[in-house]
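Good morning, and thank you for the time. I would like to introduce a structure that will be new to most of this group, and I ask that you keep it in view while I speak.

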Amino acid sequence: MCPGLLPCVVFHRRRVMCVEDGVAYVGIDDYGVILFDVSDPTAPRELGTYAAPSDDLLSIEAQGGYVYIAMYEDGLVILDATDPEHPT
């Protein structure tokens, strides 16, 4: 479970989402992670993106400004999202 507004949700095959402190972290195979400001659920706004090292996302968790991305072949990727408009 992600701390914050909603639990982590696994959508379809390896598409995952986690919400913490008004920011949604959406992991999509073949793309990476997109960060959205969802503090106003009626007007979500894209904040930033991160291209994952490969297209094999398994799960995603967020806590304290960091995003933990489990990848099938690449293992654990830790994303610094303390500045959600410029995740690294």
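A definition comes first: a strand, as I use the word, is a DSSP run of E of at least two residues, and strands are numbered from the N terminus. In that numbering, Asp37 is found in strand 4, and I shall return to Asp37 later. Please bear in mind throughout that this is a predicted model.

Let me begin with the overall fold. The protein chain has eight strands and zero helices. Read from the N terminus on, its elements therefore give the order β-β-β-β-β-β-β-β. The chain has 88 residues, of which 40% count as buried. Its accessible surface comes to about 5100 Å², and 55% of that area belongs to carbon and sulfur atoms. If we take the contacts in the chain with a separation of 6 or more, 29% of them are accounted for by residues 24 or more positions apart.

I turn now to the interior. As a general matter, nonpolar side chains in soluble globular proteins tend to be buried together. Here, the largest nonpolar core has 18 residues, and those that touch the most other members are Tyr25, Val33, Leu35, Ile60, Val67 and Ile69. Which elements give two or more residues to this core? They are strand 2, strand 3, strand 4, strand 5, strand 6, strand 7 and strand 8. There is also a second, separate core of five residues, including Val19, Ala24, Val26 and Val38.

Next, the pairing at the N-terminal side of the sequence, beginning with strand 2. Strand 2 is mostly covered, since five of its six residues are buried. It pairs with strand 3 in the antiparallel sense, over six bridges. As one example, Met17 has Val26 in strand 3 as its bridge partner. The two strands form a hairpin with two residues between them. Asp21 lies in the loop between strand 2 and strand 3. Its phi is near 50 degrees, a positive value in a residue other than glycine. Is Asp21 buried or exposed? Asp21 has a relative accessible area of 67%, which is over the 50% cut-off, and so it counts as exposed.

Let us move to strand 6, strand 7 and strand 8. Strand 6 and strand 7 pair in the antiparallel sense over six bridges, and Leu57 has Met71 in strand 7 as its bridge partner. In the hairpin of these two strands, two residues stand between the strands, and Gly64 takes a positive phi near 60 degrees. Strand 7 also pairs with strand 8, again in the antiparallel sense and over six bridges. Here the bridge partner of Met71 is Gly75, in strand 8. Strand 7 and strand 8 form a hairpin with three residues between them.

Strand 7 deserves a closer look for its two faces. Val67, Ile69 and Met71 make up its covered face, while Tyr66, Tyr68 and Ala70 make up the uncovered one. Two of these names return on the surface: Tyr66 and Tyr68, together with Leu76 and Ile78, make a nonpolar surface patch of about 380 Å². Strand 7 and strand 8 each supply at least two residues of that patch. Ile78 has its place in strand 8. With a relative accessibility of 49%, Ile78 falls between the 20% and 50% cut-offs, so it counts as partly exposed.

I close with the charged groups. In general, side chains of opposite charge can pair when their charged atoms come close. How many salt bridges does a search of the whole structure find? The search finds two. In one, Asp37 pairs with Arg45, with the closest N and O atoms 3.9 Å apart. In the other, the side chains of Glu85 and Arg45 meet, also at 3.9 Å from N to O. This second pair links distant parts of the chain, for Glu85 belongs to the segment after strand 8 and Arg45 to strand 5, 40 residues apart. Salt bridges that share partners thus join Asp37, Arg45 and Glu85 into one network. Both Arg45, at 42% relative accessible area, and Glu85, at 41%, are partly exposed.

As for the surroundings of Asp37, its contacts beyond four places in sequence are with Gly22, Ala43, Pro44, Arg45 and Leu47. Thank you for your attention.

Methods: Residues are numbered from 1 along each chain as its sequence is written. This is a predicted model: local features need pLDDT of at least 70, side-chain atom pairs count only at pLDDT 80 or more; totals for chains, interfaces and linings use all residues. Side-chain values use heavy atoms; hydrogens and water are left out. Patches are made of residues with over 30% relative accessible area and no salt bridge: like charges are joined within 9 Å, nonpolar side chains (Val, Leu, Ile, Met, Phe, Trp, Tyr) within 5 Å. Accessible areas come from the Shrake-Rupley method with a 1.4 Å probe; for residues, only the protein chains shown count as cover. A salt bridge is a side-chain nitrogen of Lys or Arg within 4 Å of a carboxyl oxygen of Asp or Glu. Helices (H or I, at least four residues) and strands (E, at least two) are DSSP runs, numbered from the N terminus. Buried means under 20% relative accessible area, exposed over 50%, partly exposed in between (1.4 Å probe, protein chains only). A nonpolar core is a set of buried Ala, Val, Leu, Ile, Met, Phe, Trp, Tyr and Cys residues joined through side-chain atoms within 4.5 Å. Contact means heavy atoms within 4.5 Å. Two strands pair if DSSP finds at least two bridges between them.
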